[in-house]
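Grab a coffee and work through a few exercises on the structure shown here. Try each task yourself before reading the solution.

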Amino acid sequence: MNTISQTNEETAALALLKNTKLPLLEAAQVACAAVRAGRGRVKRALRCIAAGEEELKRQERTVTFDKAVKAALEARQHRRARTLCDFRYVTRRFMKRCPELARRRVRSITAEECAAYIDAAFETPRQRQKARLTLSGVFSTAMKRGWCSENPVARVEAPRVVEKTVPILTPEEAEQLVQAAREYKGGICLPAVGLMLYAGIRPHEVARLTWADVDLPGKRVLIAPQHSKTGGARPVTLLPPLLRMLQRTPRCAAPQRICPPQWLHHWRAVRQRAGWNRLTRPWPQDICRHSYASYHAAHFRNLHELQLQMGHRSTDLLRTRYLNLPQESKVGLFWQEQTYLK
């Protein structure tokens, strides 16, 4: 029987490998890999092992998705209440429709899984577009906290939204709306309705305005950054129909809001008085703003000026979504055939 003599050093090495509690062959393979990483130098091999251990700890540092959502909300506390409400709604719907997502570790979630979660939780392309942005925000916060090394949503293709022609009010419908506002509770909603219809100001922006923001001598209303949906200030010209409407309205104290208390309740009542209801004639969202943009573009034919009035960063949104150019004969009726301010 052949015997292999071992040196004391070899015997000691075998003893060390046995102390790892691994099979000798596997322990030897790990040792060889460390030596190769160290390019044959022991000190370098030990540094490689230490660096790899730190990197592994960093990679294993993560949290569950529900905790990442909580952190993302905390990081956005300076945002408007409506923005936070939308963020909560989207993230809760994700976790309601995909229950397993809440306990998933954010570092382990892949781009393919993100796409599947978006498809499972939301139906329409526009909903999925918004959901993708919200989900990206959660992972963006997680990256900043060191809980994941990349934002997997960045590799999820944005849903393609096919824009449809948006509806606008006819001049007759616009007059019905204004008349209803005049008749409702002594006209308390008339200034707000006029600002939405003849200045394109959003309902939630109007709700934040005070009479101090209205400059009748300068024929403009200032949408301050804290009132704007996009966070940017913009002056909006008071065109003749709106200017006359505001001039005839008893002026309230400057700090007082233009909209009455419980504004959304009153706004709904004005629409119902004008003939819109949920069952047979639903009110299209933002139709006042769309009508203003369409009739303004048809008369002035200046999209860059309209872009500034609307508070858009470019004319792209006007071209793709907002404009529904009315018949030429309708334009003058909407503006009551007044001479425009240049």
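## Exercise 1: Helix α7 and what follows

Just past α7 sits Gly-146, with a positive phi near 80°. Keep in mind that you're looking at a predicted model.

**Task.** Compare the reach of helix α7 with its expected span, then work out which of its residues are buried and what covers them.

**Solution.**
- Step 1: Helix α7 takes in residues 125-144, which is 20 residues.
- Step 2: From first C-alpha to last, α7 reaches 29 Å, close to the 28 Å you'd expect at 1.5 Å a residue.
- Step 3: Now pick out the buried residues of α7: Ala-131, Arg-132, Thr-134, Leu-135, Gly-137, Val-138, Phe-139, Thr-141 and Ala-142.
- Step 4: The cover over those buried residues includes α4 (65-75), α5 (81-97) and α6 (111-121).

## Exercise 2: Two partners of α12

**Task.** Describe how α8 and α9 each pack on α12, and sort the contact residues by class.

**Solution.** A reminder before you start: a pair of packed helices is described by the angle between the axes and the distance between them.
- Step 1: Helix α8 (residues 171-183) packs against α12 at about 120°, and the axes are 8 Å apart.
- Step 2: Angles of 65 to 115 degrees count as roughly perpendicular and those over 145 as roughly antiparallel, so α8 and α12 come out as oblique to each other.
- Step 3: The crossing of α8 with α12 is right-handed.
- Step 4: On the α8 side the contact uses Leu-177, Ala-180, Ala-181 and Glu-183; on the α12 side, Trp-267, Val-270 and Arg-273.
- Step 5: Sort the residues of that contact and you get five nonpolar, no polar and two charged.
- Step 6: Next, helix α9 (residues 190-199) and α12: their axes come within 11 Å and cross at roughly 75°. That angle makes α9 roughly perpendicular to α12.
- Step 7: Here Ala-192, Val-193 and Met-196 of α9 meet Trp-263, Trp-267 and Val-270 of α12. The tally is six nonpolar, no polar and no charged residues.

## Exercise 3: Arg-271

**Task.** Is Arg-271 buried or exposed, and which residues does it touch beyond four places away in sequence?

**Solution.**
- Step 1: Place the residue: Arg-271 belongs to helix α12 (residues 263-273).
- Step 2: The relative accessible area of Arg-271 is 15%. The cut-off for buried is under 20%, so Arg-271 is buried.
- Step 3: Leaving out residues up to four places away in sequence, Arg-271 touches Trp-276 and Trp-283.
- Step 4: For a distance check, the C-alpha atoms of Arg-271 and Ala-207 are 16 Å apart, with their positions 64 residues apart along the chain.

## Exercise 4: α13, α14 and the loops at their ends

**Task.** Work out how α13 and α14 are oriented, then look at Arg-301 and Thr-315.

**Solution.**
- Step 1: The axes of helix α13 (residues 287-300) and helix α14 (residues 303-310) come within 10 Å and cross at roughly 155°. Since angles over 145 count as roughly antiparallel, α13 and α14 are roughly antiparallel to each other.
- Step 2: α13 passes α14 in a right-handed crossing.
- Step 3: Arg-289, Tyr-292, Ala-293, His-296 and Ala-297 of α13 meet Leu-303, Glu-305, Leu-306, Gln-309 and Met-310 of α14. By class, that contact has six nonpolar, two polar and two charged residues.
- Step 4: Arg-301 lies in the loop between α13 and α14. Its phi is positive, about 55°, although Arg-301 is not a glycine. Most residues other than glycine have a negative phi.
- Step 5: With 62% relative accessibility, Arg-301 counts as exposed.
- Step 6: Thr-315 sits in the loop between α14 and α15 (316-322). Its relative accessible area is 9%, so Thr-315 is buried.
- Step 7: Leaving out residues up to four places away in sequence, Thr-315 touches Leu-303, His-304 and Gln-307.

## Exercise 5: Helix α11

**Task.** How many of the eight residues of α11 are buried, and what covers them?

**Solution.**
- Step 1: Helix α11 (residues 240-247) is mostly covered, with six of its eight residues buried.
- Step 2: Those buried residues are Pro-240, Pro-241, Leu-242, Leu-243, Met-245 and Leu-246.
- Step 3: Their cover includes α8, α9 and β1 (214-215).

Note on methods:
Residues are numbered from 1 along each chain as its sequence is written. This is a predicted model: local features need pLDDT of at least 70, side-chain atom pairs count only at pLDDT 80 or more; totals for chains, interfaces and linings use all residues. Side-chain values use heavy atoms; hydrogens and water are left out. Helices (H or I, at least four residues) and strands (E, at least two) are DSSP runs, numbered from the N terminus. Buried means under 20% relative accessible area, exposed over 50%, partly exposed in between (1.4 Å probe, protein chains only). Contact means heavy atoms within 4.5 Å. The expected span of a helix is 1.5 Å times one less than its number of residues. Axes are lines fitted to C-alpha atoms, for helices over the stretch in contact, and angles run from 0 to 180 degrees between N-to-C directions. Angles under 35 degrees count as roughly parallel, over 145 as roughly antiparallel, 65 to 115 as roughly perpendicular and the rest as oblique. A crossing is left-handed if the near helix is turned anticlockwise from the far one by less than a right angle, and right-handed if clockwise. Ala, Val, Leu, Ile, Met, Phe, Trp, Tyr, Cys and Pro count as nonpolar, Asp, Glu, Lys and Arg as charged, and the others, Gly among them, as polar.
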